[in-house]
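Please open the model in a viewer and keep the selection tool at hand. The tour below proceeds stop by stop, stating what to select and what is found there.

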Amino acid sequence: MPYLGMGTWLMGGRDTRDPADDGRASVEALTRGLNAGYRHIDTAEMYAGGFSEEIVGEAVAGFKRESLFLTSKVWKTHLHYDDVLRAAEDSLRRLRTDYLDLYLIHQVNEDVPIRETMRAMNRLVDEKIIRWIGVSNFAVERFEQAQGWADSKVAVNQVHYNLQVREVEKSGLLEYCQTHDVMLTAWRPLQKGMLAEEPPRCLMEVAQRYSLSPYQTALSWLTSQKNVVTITKAADPDHLLENMQATEVELASDALEYLRAEYPGQTDRSEAVPLR
Ligand SMILES: NC(=O)c1ccc[n+]([C@@H]2O[C@H](COP(=O)([O-])OP(=O)(O)OC[C@H]3O[C@@H](n4cnc5c(N)ncnc54)[C@H](OP(=O)(O)O)[C@@H]3O)[C@@H](O)[C@H]2O)c1
């Protein structure tokens, strides 16, 4: 998986389409990113009520499909067997593709047995509609249950992780992924506003040591860790280019551990989507 991908949350709306947003600016931002070398785009059927996927479909139309890594997610209200199959077909249509590189269960729904959902995911793999199965916002125990019903490796868990939000560390999920060779994709790596004020001294020290910006350092802190990749959303083309350079640098373990210990304002639980 690419170390850094482009996120699409808020492109075209929130959980429904925003009629005031025609998607042009987002198509342009994604196209710029692809021209600059990004290969992974992360989207979901829930984003903008499917319109985000249409935006991605338009952005990728001129690129060779096999050069891209496309991730989408099935929403938690579509986890019954037939619903998963239908949701995947709808995503393919909106994305103008005939397969997904990665398909994630977006969030836990305790009302639908995980066995039933995984049966549908297995079929999607068999029919080559998806290459890899993944989940999102799953705690270790539930991840293991999902893997237990999967015929192939559950390759990814996409979770809220950044210098401030450390639930994956405290809960043991990061160590689990590293031990079992599961990729942990960190969403919201820049934790809105985290760096808007003056960046903390520890971050500036590491940034200076590696000649990185504070934003690049926050991203590199993630991607320098074993089995961790990330996705960030940037509408601003300068941000896209700046972020891309972050993954060219690998922080040494002393810098990683220094930031792990010293970064201020850490929390043990995601305020947005806690692990379940
Ligand atoms: N699985 C899940 O449950 C889940 C949940 C949330 C998000 N996600 C995925 O993860 C992706 C990333 O998370 P996110 O969009 O919430 O947050 P994020 O990527 O951490 O932050 C996005 C914000 O950071 C700004 N930014 C990016 N690079 C910057 C830079 N170099 N300098 C200054 N500002 C910069 C962007 O501004 P500009 O737009 O102005 O460039 C935007 O306002 C989402 O888009 C989505 O695909 C998944």
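Select helix α3, residues 81-95, which lies across β3 (69-74), β4 (100-105) and β5 (130-136). Relative to β3, helix α3 runs at about 140 degrees. The model on the screen is a predicted one.

Next, select helix α9, residues 214-223. This helix lies across β1, β7 (183-187) and β8, and its direction makes an angle of about 145 degrees with β8.

Now hide the helices and display the strands alone. In what order do the eight strands close into a barrel? The order is β1-β2-β3-β4-β5-β6-β7-β8, and the pairing is parallel. From one strand to the next, the twist averages 30 degrees. In general, the strands of a sheet pair through backbone hydrogen bonds.

To inspect one pairing in detail, select β1 (residues 4-6) together with β8. These two strands run parallel and are joined by three bridges. Within this pair, Leu 4 of the protein stands opposite Thr 230 in β8.

Proceed to the ligand and select its surroundings. The shell consists of 24 residues, and the closest are Gly 7, Trp 9, Trp 187, Leu 190 and Lys 233. Two elements, β8 (228-232) and α10 (237-246), give two or more residues to this shell. The largest share, three residues, comes from α10. Colouring the shell by class shows nine nonpolar, nine polar and six charged residues.

Two loop residues deserve a separate selection. The first stop is Lys 128, in the loop between α4 (114-126) and β5. Its phi is near 60 degrees, a positive value in a residue other than glycine. Is Lys 128 buried or exposed? Lys 128 counts as exposed because 9 other C-beta atoms lie within 10 Å, and the limit for an exposed residue is 12 or fewer.

The second stop is Asp 181, located in the loop between α7 (173-179) and β7. Although Asp 181 is not a glycine, its phi is positive, at about 50 degrees. Asp 181 is likewise exposed, with 10 other C-beta atoms within 10 Å.

Finally, restore the whole protein, which has eleven helices and eight strands. Along the principal axes, the C-alpha atoms fill a box of roughly 50 × 40 × 30 Å. The radius of gyration is 18 Å, which agrees with the value near 19 Å for a compact globule of 276 residues. Buried residues make up 44% of the 276 residues. Of the contacts with a separation of 6 or more, 79% are between residues 24 or more positions apart.

Methods:
Residues are numbered from 1 along each chain as its sequence is written. This is a predicted model: local features need pLDDT of at least 70, side-chain atom pairs count only at pLDDT 80 or more; totals for chains, interfaces and linings use all residues. A residue is near a molecule or strand if its C-beta atom, placed from the backbone, lies within 6 Å of it. Helices (H or I, at least four residues) and strands (E, at least two) are DSSP runs, numbered from the N terminus. Ala, Val, Leu, Ile, Met, Phe, Trp, Tyr, Cys and Pro count as nonpolar, Asp, Glu, Lys and Arg as charged, and the others, Gly among them, as polar. Two strands pair if DSSP finds at least two bridges between them. Axes are lines fitted to C-alpha atoms, for helices over the stretch in contact, and angles run from 0 to 180 degrees between N-to-C directions. Two residues are in contact if their C-beta atoms, placed from the backbone, lie within 7 Å. The radius of gyration is taken over C-alpha atoms; the globule rule is 2.2 Å times the number of residues to the power 0.38. A residue is buried if 20 or more other C-beta atoms lie within 10 Å of its own, exposed if 12 or fewer, and partly exposed in between; C-beta atoms are placed from the backbone.
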